[in-house]
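Visitor: I'd like a close look at one part of this one, please. Could you take me into the main nonpolar core and show me what packs there?

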Amino acid sequence: MPGYAGWLLLLGVLGTAAASAAEPEPPYKTHFRPINVHLHCGQPSAAAVRAELAVCDRTGIDKVVILDGGSPPGSLPKWLELKRQFSDRLIVFYKLDLRNVARPGFFVDIVTELEEAAQSGVQGVKVWKDLGMYNQDGEGKLLAMDDPRLDPFFARCGELGLPVMIHAADPREYWHPLTYHSLHYGLRTEADQHYHNPAMPKWEELIRQRDHVLEKHPRTNFIGAHLGSLCQDLERLGRTFEKHPNFHADCAARLRFLGRLNPPAVRAFFIKYQDRLLFGTDDGILSKGRRPGQAGNISLYPADDPNWLWHDPADEAAVRDWKEKHTWFYSQYLQYFETDRLDLSDPSRSGGAWLRIPAVQLPAEVLEKFYRTNAERLIPGLRAK
């Protein structure tokens, strides 16, 4: 028989389950006007943007950053037109496309394309994890993040005042064998793991490459996607902040990792590095996820991945359902940072419906920086607003 504490825990779980089975909780709305610096969308669509902004209005999100400018190929002009249409709410980053890296003249061309994108109105750059992990150069070798041929590109980003959202590596545990003890057991399959792939660089090597880029380009601001793939080691992330003043990080899709940690420790970290952290979610506008049975890294370009499903904006019932789920998604994120609740769900459902995470209730002055002013400082065009 469980003891007193065990009964309390059981009653809490049953109470949470009963509440979940009853009416859904009302949406949580923040008054801090956050900027979501990490968002995706499969295809540029005014209807899709309107659906996203309708959810933002319900939850208090002010602006969103689309990281898919130029992916799929040819989409950048359409995204920039939508940026003009929704000028007060939509920010577009140019996505570096490495699929033609073996083509002669590629490294010169990407600098020219970057300059044209900046002139057209993009406000930042996205570099995905295909750099360092997947893409091969003309000699069939993996292109490293710190390859000298990329130096003119990263340097030009800094000269143009464009921050670089860089996704380097993945969580370190993806290089460990998937076992019954893995928190992501059932979520990730063996196909998603990297430890058994002899062609995949070690996690430590990828982080070394990323940090070398930070060192070589001190005048370029970088935002490490997903807590810089250091979500399992906040002390090391803090040391990286201290060594590289040009490095920042967003929290996108990493609450399942933060939720494993002691809330006071997470709160102390965010307070200490309040000038270096940004709010992001890594969700997709009108996205449904992958087809059943599909593994994670099938395509290197999620925005035009045929195995990723997207709701048709003309399907009113599907869009209405997506809005409700996305409202819940934002509500969980906001409550994690603003409240002291103990029973929140991972917004991405990465641990399944069973996983509960405790909130960290950040101070108001930290939330203001984390949600908004750090993004305004880094992203051109927002600073004077």
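Guide: Sure. Keep in mind that this is a predicted model. To get our bearings, the protein chain has 13 helices and 13 strands, and 54% of its 385 residues are buried. Among contacts with a separation of 6 or more, 75% join residues 24 or more positions apart, and we'll meet some of that long-range packing as we go.

Now for the core itself. The largest nonpolar core takes in 92 residues, and Phe153, Phe279 and Phe337 are the ones with the most contacts inside it. Helix α12, spanning residues 316-338, gives the most to this core, namely 8 residues. There is also a second, separate core of 14 residues, with Val37, Met165, Ile223 and Ala225 among them, but let's stay with the big one.

Phe337 is a good place to zoom in. Setting aside neighbours within four places in sequence, Phe337 touches Cys251, Leu255, Phe270 and Phe279, and further along the chain Val360, Gln361, Leu362, Leu367, Phe370 and Tyr371. Note that Phe279, another of the residues with the most contacts inside the core, is on that list.

Pick out Phe370 next. The structure holds 20 aromatic pairs. In the one formed by Phe337 and Phe370, the ring centres are 4.7 Å apart and the planes meet at 55°, so this pair counts as tilted. It ties together distant parts of the chain, with Phe337 in helix α12 and Phe370 in helix α13, 33 residues apart. Both Phe337 and Phe370 are buried.

Another partner of Phe337 is Phe270, and that takes us to helix α11, residues 263-272, where Phe270 is buried along with Pro263, Val266 and Phe269. Look down the axis of α11: the buried residues fall within an arc of 125°, so they line one face of the helix. The general background is that an α-helix has 3.6 residues a turn, so residues three or four places apart point the same way.

What does that buried set of α11 pack against? Its neighbours are α9 (234-243), α10 (255-258), β8 (277-278), α12 and α13 (364-378). That brings us back to the two helices of the tilted pair, since α12 carries Phe337 and α13 carries Phe370.

One last stop, if you want a contrast with ring-on-ring pairing: Lys95 lies over the face of Trp128, 5.5 Å from the ring centre.

Definitions and conventions. Residues are numbered from 1 along each chain as its sequence is written. This is a predicted model: local features need pLDDT of at least 70, side-chain atom pairs count only at pLDDT 80 or more; totals for chains, interfaces and linings use all residues. Side-chain values use heavy atoms; hydrogens and water are left out. A nonpolar core is a set of buried Ala, Val, Leu, Ile, Met, Phe, Trp, Tyr and Cys residues joined through side-chain atoms within 4.5 Å. Buried means under 20% relative accessible area, exposed over 50%, partly exposed in between (1.4 Å probe, protein chains only). Helices (H or I, at least four residues) and strands (E, at least two) are DSSP runs, numbered from the N terminus. Contact means heavy atoms within 4.5 Å. The arc is that of the directions from the helix axis to the C-beta atoms. Rings of Phe, Tyr and Trp (its six-membered ring) pair if their centres lie within 6.5 Å; planes under 30 degrees apart count as stacked, over 60 as edge-to-face and the rest as tilted. A charge sits over a ring if NZ of Lys or CZ of Arg is within 6 Å of the ring centre and within 35 degrees of the ring normal.
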